[in-house]
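The following exercises concern a single protein chain. Each task is followed by a solution in steps.

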Amino acid sequence: AQQAKIQQHMQAAIDAGKRGSAAGKAQEIKMLRQSAAADPQQPMTWFNLAQAYWDLGVKGDAVEAMCKAVHNLVRVLKNPQAVDLSDPNAKYLMEVLPPKVTATAAKLLEDAVVGRGGDQLEWDERLGRLLQTLADLCGSRLHPGARSLTHYVFGNVLRKRRKNEEAREQLVLADRAAWNGGRGE
């Protein structure tokens, strides 16, 4: 029952954001923040919140919300027995959402690092590390280009954080993923 209420609340927030105005986006963000506060372990709420912030160009908040979405999704995927498989949304949560979040988060991260560096990228680095775990959990469901992009953008974040050796390793993995069908081998 509470899950249905959260779903309704999220849909109302998304509908408000689709109206396109800044006021509509602000209303969407407000409603999604309320949903996230009510159930902070819902990856979809954080994912939608990250996208709303991204649409407004609020990079730092978008990265932080996406980090929470990826963290919660990794938590769910590492503990699948905790998922109620009778829930009609379970298949989406376990199979469809992970590659979608991975690809979207990599694109968001690529955009978010532009014009920023050093300590400003603390959340970006966290997101990059979580993305590596999520990409591994996606396995073959993740498109090779998305897998390569996760390594590339994480390498870029590390480079901007002056972690050059780790950055080089990520760029090598990005090349391998692109050339070896996304397996990163």
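**Exercise 1.** In this predicted model, locate threonine 104 in its helix, determine whether threonine 104 counts as buried or exposed, and list the residues that threonine 104 touches beyond four places away in sequence.

*Solution.*
1. Threonine 104 is placed in helix α5, which spans residues 90-112.
2. The relative accessibility of threonine 104 is 16%. Buried means under 20%, so threonine 104 counts as buried.
3. Leaving out residues up to four places away in sequence, threonine 104 touches Phe47, Gln51, Trp54 and Met66.
4. For one of these partners, methionine 66, the C-alpha atom is separated from that of threonine 104 by 9.2 Å, with the two residues 38 apart along the chain.

**Exercise 2.** Describe how helices α3 and α4 are arranged relative to each other, and give the composition of their contact by class.

*Solution.*
1. Two packed helices are described by the angle between their axes and the distance between the axes.
2. Helix α3 covers residues 43-56 and helix α4 covers residues 59-78; their axes come within 8 Å and cross at roughly 160 degrees.
3. Angles over 145 degrees count as roughly antiparallel, and α3 and α4 are therefore roughly antiparallel to each other.
4. The handedness of the crossing of α3 and α4 is left-handed.
5. On the α3 side, the contact is made by Pro43, Trp46, Phe47, Leu49, Ala50, Tyr53 and Trp54. On the α4 side, Asp61, Ala62, Ala65, Met66, Lys68, Ala69, Asn72 and Leu73 take part.
6. Sorted by class, the contact of α3 with α4 comprises twelve nonpolar residues, one polar residue and two charged residues.

**Exercise 3.** Characterise the surroundings of glutamine 132, including the polar contact of its side chain.

*Solution.*
1. Glutamine 132 lies in helix α6, residues 122-138.
2. Its relative accessibility is 12%, so glutamine 132 counts as buried.
3. Not counting residues up to four places away in sequence, glutamine 132 touches Thr150, His151, Phe154 and Gln170.
4. With histidine 151, glutamine 132 makes a polar contact between side chains, at 2.8 Å.

**Exercise 4.** Summarise the protein as a whole: how many helices and strands does it have, and what percentage of its residues count as buried?

*Solution.*
1. The protein has eight helices and zero strands, and its elements run α-α-α-α-α-α-α-α from the N terminus on.
2. Of its 185 residues, 45% count as buried.
3. Among contacts between residues at least 6 apart in sequence, 62% join residues at least 24 apart.

Conventions. Residues are numbered from 1 along each chain as its sequence is written. This is a predicted model: local features need pLDDT of at least 70, side-chain atom pairs count only at pLDDT 80 or more; totals for chains, interfaces and linings use all residues. Side-chain values use heavy atoms; hydrogens and water are left out. Axes are lines fitted to C-alpha atoms, for helices over the stretch in contact, and angles run from 0 to 180 degrees between N-to-C directions. Helices (H or I, at least four residues) and strands (E, at least two) are DSSP runs, numbered from the N terminus. Angles under 35 degrees count as roughly parallel, over 145 as roughly antiparallel, 65 to 115 as roughly perpendicular and the rest as oblique. A crossing is left-handed if the near helix is turned anticlockwise from the far one by less than a right angle, and right-handed if clockwise. Contact means heavy atoms within 4.5 Å. Ala, Val, Leu, Ile, Met, Phe, Trp, Tyr, Cys and Pro count as nonpolar, Asp, Glu, Lys and Arg as charged, and the others, Gly among them, as polar. Buried means under 20% relative accessible area, exposed over 50%, partly exposed in between (1.4 Å probe, protein chains only). A polar contact is a pair of N or O atoms within 3.5 Å; within protein, one must be able to donate a hydrogen and the other to accept it, and residues adjacent in sequence count only if both atoms are side-chain atoms.
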